[in-house]
Amino acid sequence: MRNRPGFAMITAMWLIVAIATVAVLFGLEAHERYTLGINASERGVARAAALGALALEQAHLERALRTANAGTNAQRLRSSDPWLDVDSTYTGPVEIDSIQVDVVAITGGTKLNVNQMTEDQLRTFFGYLLNDYSTSDIIAQSIMDWRDLDEQARVNGGERDAYLKDRKMVLPANAPFREVDDLLDVRGMTPEILAQARPYLRTYGGGAINLNAADKYVLRAIPGMTDVILQRILALRQNGGRIRNINDVIPGATGATGRPGQPGGRGGPPPPTPQQALAQRVAANTTVDTQEVEFVISAQAGPQAQPVRLNATVTKNGQNARISWRQW
């Protein structure tokens, strides 16, 4: 009986500890929920700011399309390509509702879609980039095996069995690549090779390659492109010139879309000459003005908030600028 007061005191103390523990747990959970709510709110604000910046840039691009320029040589050049020099014109910070949003604009038509390139294009691109056509052949065939739906490996490529034999951690997806960095899992690829190739590749979009803006490694992979044509393009650009049409770089390309029919015989237009056929092939995959602009937009709602990044592609659609692709 003499121990009951002590027992009661110990029980009361444990009860207090249990209540305090529960209170602390509730407090921690409430704080966590509060933090999550704040983060979600700030992320929503940042997303809205990023979208606002994208809408602002879209409006600027549409205004450029609808504004006729004439007079000086610079104005006439701008009129022929309203989105000329977007890299410098549209890159920089903008303020959306007191939030500073960082915008980076990149001239479109300067990258190759690795999910759309043919085996020949892949082989040509990596061969020209690396100056190693044996390695480029392995990479090209391995990329095709990674993308296609079957399990039949090409001679220098590889399907699931080859990756298992090599004890690879990642197996072919038999699907398009989601990110350029996913190429690192392809047979024959190394971090060094990917670092060289990354600036010229993407995994989305399509469109024509810009003869006035694309790098030589991208230009060389265009179907029909030859070393001679490439050198003409680079020489013209290095001398401050601008390619106006395919005739500037392929002599004899006039009439590449067909020449008027000549009287006699069965009538109708004669078949194109080899030079005209080559011009048709190159022209079908290229452009001489800026048809699209890529944007990388970053917004942060507060100093401690997680930044939001938006990637978007804006393409010409008559006198309008259409957002054709987006990724958070």
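This is a guided tour of the structure, stop by stop, with a suggestion of what to select at each one.

**The whole chain**

Begin with everything shown, and keep in mind that this is a predicted model. The protein has 10 helices and 9 strands, and of its 328 residues, 36% count as buried. If you switch on a surface, the accessible area comes to about 19100 Å², of which 54% belongs to carbon and sulfur atoms. Among the contacts with a sequence separation of 6 or more, 58% are between residues that stand 24 or more positions apart.

**Helix 1 and its surface patch**

Select residues 4–66, which make up helix 1, and find Trp14 within it. Is Trp14 buried or exposed? Trp14 is exposed, because its relative accessible area is 61%, which is over the 50% needed for that class. Now add Ile10 and Val17 to the selection, since together with Trp14 these residues make a nonpolar surface patch of about 340 Å².

**The largest nonpolar core**

Next, hide the surface and select Phe125, Phe126, Ile143, Leu183, Leu201 and Leu219, which touch the most other members of the largest nonpolar core, a set of 44 residues. Several helices contribute at least two residues each to this core, namely helix 4 (119–130), helix 5 (133–147), helix 7 (191–197), helix 8 (216–220), helix 9 (227–238) and helix 10 (274–283). Centre the view on Leu183, and leave aside its neighbours up to four places away in sequence; the residues that Leu183 touches are then Val114, Ile143, Phe177, Met189, Leu194 and Leu201. Apart from the largest core lies another one, of 26 residues, and to find it you can select Ala49, Leu54, Ala105 and Leu310, which are among its members.

**Helix 5**

Return to helix 5 and select it as a whole. Its 15 residues should span 21 Å at 1.5 Å a residue, and the distance of 21 Å between its end C-alpha atoms agrees with this. How many of the 15 residues of helix 5 are buried? The number is 11, so that the helix is mostly covered; the buried residues include Ser136, Asp137, Ile139, Ala140 and Gln141, and farther along the helix Ser142, Ile143, Met144, Asp145, Trp146 and Arg147 are buried too. To see what covers these buried residues, show helix 4, helix 6 and helix 7, which are included in that cover.

**Salt bridges**

Side chains of opposite charge can pair when their charged atoms come close. In the whole structure, a search finds 14 salt bridges, and three of them are visited here.

Stay on helix 5 for Asp145, and add Arg154: these two form a salt bridge whose closest N and O atoms are 2.7 Å apart. Asp145 counts as buried because its relative accessibility is 0%, whereas Arg154, at 26%, counts as partly exposed.

Now select Asp81 and Arg242, which also form a salt bridge, with their closest N and O atoms 2.7 Å apart. This pair links distant parts of the chain, 161 residues apart, with Asp81 in the loop between helix 2 (73–80) and helix 3 (86–89) and Arg242 in the loop between helix 9 and helix 10. Asp81 is buried, at a relative accessible area of 1%, while Arg242 is partly exposed, at 23%.

The third pair to select is Arg187 and Asp166, whose closest N and O atoms are 3.3 Å apart. Both residues lie in the loop between helix 6 (160–165) and helix 7, so their salt bridge ties together parts that are 21 residues apart in sequence. Arg187 counts as partly exposed at 24% relative accessibility, and Asp166 is likewise partly exposed, at 38%.

Finally, select Glu119, Asp120, Arg123, Asp137, Asp145, Asp148 and Arg154 together, as salt bridges that share partners join these residues into one network.

**Strand 8**

For the last stop, select residues 308–317, which form strand 8, and look for Asn311 in it. Asn311 counts as buried because its relative accessibility is 17%, which is under the 20% cut-off. Which residues does Asn311 touch, not counting those up to four places away in sequence? They are Phe295, Val296, Trp325, Arg326 and Gln327. To end the tour, place a distance label between the C-alpha atoms of Asn311 and Arg326, which are 15 residues apart along the chain and separated by 5.6 Å.

Definitions and conventions:
Residues are numbered from 1 along each chain as its sequence is written. This is a predicted model: local features need pLDDT of at least 70, side-chain atom pairs count only at pLDDT 80 or more; totals for chains, interfaces and linings use all residues. Side-chain values use heavy atoms; hydrogens and water are left out. A nonpolar core is a set of buried Ala, Val, Leu, Ile, Met, Phe, Trp, Tyr and Cys residues joined through side-chain atoms within 4.5 Å. Buried means under 20% relative accessible area, exposed over 50%, partly exposed in between (1.4 Å probe, protein chains only). Helices (H or I, at least four residues) and strands (E, at least two) are DSSP runs, numbered from the N terminus. Contact means heavy atoms within 4.5 Å. Patches are made of residues with over 30% relative accessible area and no salt bridge: like charges are joined within 9 Å, nonpolar side chains (Val, Leu, Ile, Met, Phe, Trp, Tyr) within 5 Å. Accessible areas come from the Shrake-Rupley method with a 1.4 Å probe; for residues, only the protein chains shown count as cover. A salt bridge is a side-chain nitrogen of Lys or Arg within 4 Å of a carboxyl oxygen of Asp or Glu. The expected span of a helix is 1.5 Å times one less than its number of residues.
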